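Dear colleague,

I am handing over the structure below, together with some notes on what was found in it. Please look through it before reading on.

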Amino acid sequence: AVPVEDIAWLLQFLGQRVAQGVRFRSGESLQIGWMLTMLQEEGPGGVLRVLEPDMQAVPVHFVDAVDATLVHLRSQQDTVRSVSSPQGWEPDFPSLRQSVVVHQDYREAHRVLLTRSAPADAMDSGWWLTDLEDEAGAQEPARFAKTSLYQLGVDRPDLVKFFVVPAGLQV
């Protein structure tokens, strides 16, 4: 399900970083798009492999794959590029470790509004998720809580493609 050109892009990206003098080591993390991947040494030859979160539960469990990482990257880039704008918007990649403010019913909500503002700090993605069916509760702070973008992605995989929409926009 991963296009050949996306695999080629990842290999080229890693090759360019090595050519620039970057030394990848086992146990290091590497952000690819919004996804935080982990590098792990395999065998005595020092070959590194890239592991990605399984997107199943919190805490993060890494698996030997990059398929979801590349699928998310493609989907997110395509989503932003599908919005025509005179500003020429580019994807603004948060990290899955960053926080998002969510309505208490975000898991079951059928109509949601995602609003992205400029992040307050390095651990904030700038995202706010509102349940449009709870109009009265939209103004009640007690109905909202912070969670990680990873948790939101696990609970609502249908929203992952929007995580890179630039600040100032709503979905």
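Which side chain does Asp-155 meet in a salt bridge? Please keep in mind, while looking for it, that this is a predicted model. The partner is Arg-107, with 3.2 Å from N to O. Because Asp-155 lies in helix 3 (residues 149-155) and Arg-107 in the loop between strand 5 and strand 6, the pair ties together parts that are 48 residues apart in sequence. Asp-155 counts as partly exposed, at 23% relative accessibility, and Arg-107 is likewise partly exposed, with a relative accessible area of 46%. Elsewhere, Glu-5, Asp-6 and Arg-74 are joined into one network by salt bridges that share partners.

The structure holds nine salt bridges, and two others deserve a description here. In one of them, Arg-49 pairs with Asp-64, and the closest N and O atoms are 2.9 Å apart. Arg-49 belongs to strand 3, whereas Asp-64 sits in the loop between strand 4 and helix 2, so this salt bridge ties together parts that are 15 residues apart in sequence. Arg-49 is partly exposed at 25% relative accessibility, and Asp-64 is partly exposed at 49%.

In the other, Asp-92 forms a salt bridge with Arg-116, the closest N and O atoms being 3.9 Å apart. This pair links distant parts of the chain, since Asp-92 is in the loop between helix 2 and strand 5 (99-103) and Arg-116 is in strand 6 (residues 112-116), 24 residues apart. Asp-92 is partly exposed, with a relative accessible area of 33%, but Arg-116 is buried, with a relative accessible area of 4%.

Turning to the fold, there is an open sheet of four strands in the order 1-2-3-4, with antiparallel pairing. Its edge strands, each of which pairs on one side only, are strand 1 (29-32) and strand 4 (62-63). Strand 1 and strand 2 (residues 35-42) are paired in the antiparallel sense over four bridges, and Ser-29 has Met-38 in strand 2 as its bridge partner. Helix 2 (residues 67-81) packs on this sheet, where it touches strand 1, strand 2 and strand 3 (47-53), and its direction makes about 150 degrees with that of strand 2.

Helix 2 has 15 residues and reaches 21 Å from its first C-alpha to its last, close to the 21 Å expected. Its buried residues include Leu-70, His-72, Leu-73 and Val-80, and the buried residues of helix 2 pack against helix 1 (4-19) as well as strand 1, strand 2 and strand 3.

With best wishes

Note on methods: Residues are numbered from 1 along each chain as its sequence is written. This is a predicted model: local features need pLDDT of at least 70, side-chain atom pairs count only at pLDDT 80 or more; totals for chains, interfaces and linings use all residues. Side-chain values use heavy atoms; hydrogens and water are left out. Two strands pair if DSSP finds at least two bridges between them. Helices (H or I, at least four residues) and strands (E, at least two) are DSSP runs, numbered from the N terminus. Contact means heavy atoms within 4.5 Å. Axes are lines fitted to C-alpha atoms, for helices over the stretch in contact, and angles run from 0 to 180 degrees between N-to-C directions. The expected span of a helix is 1.5 Å times one less than its number of residues. Buried means under 20% relative accessible area, exposed over 50%, partly exposed in between (1.4 Å probe, protein chains only). A salt bridge is a side-chain nitrogen of Lys or Arg within 4 Å of a carboxyl oxygen of Asp or Glu.
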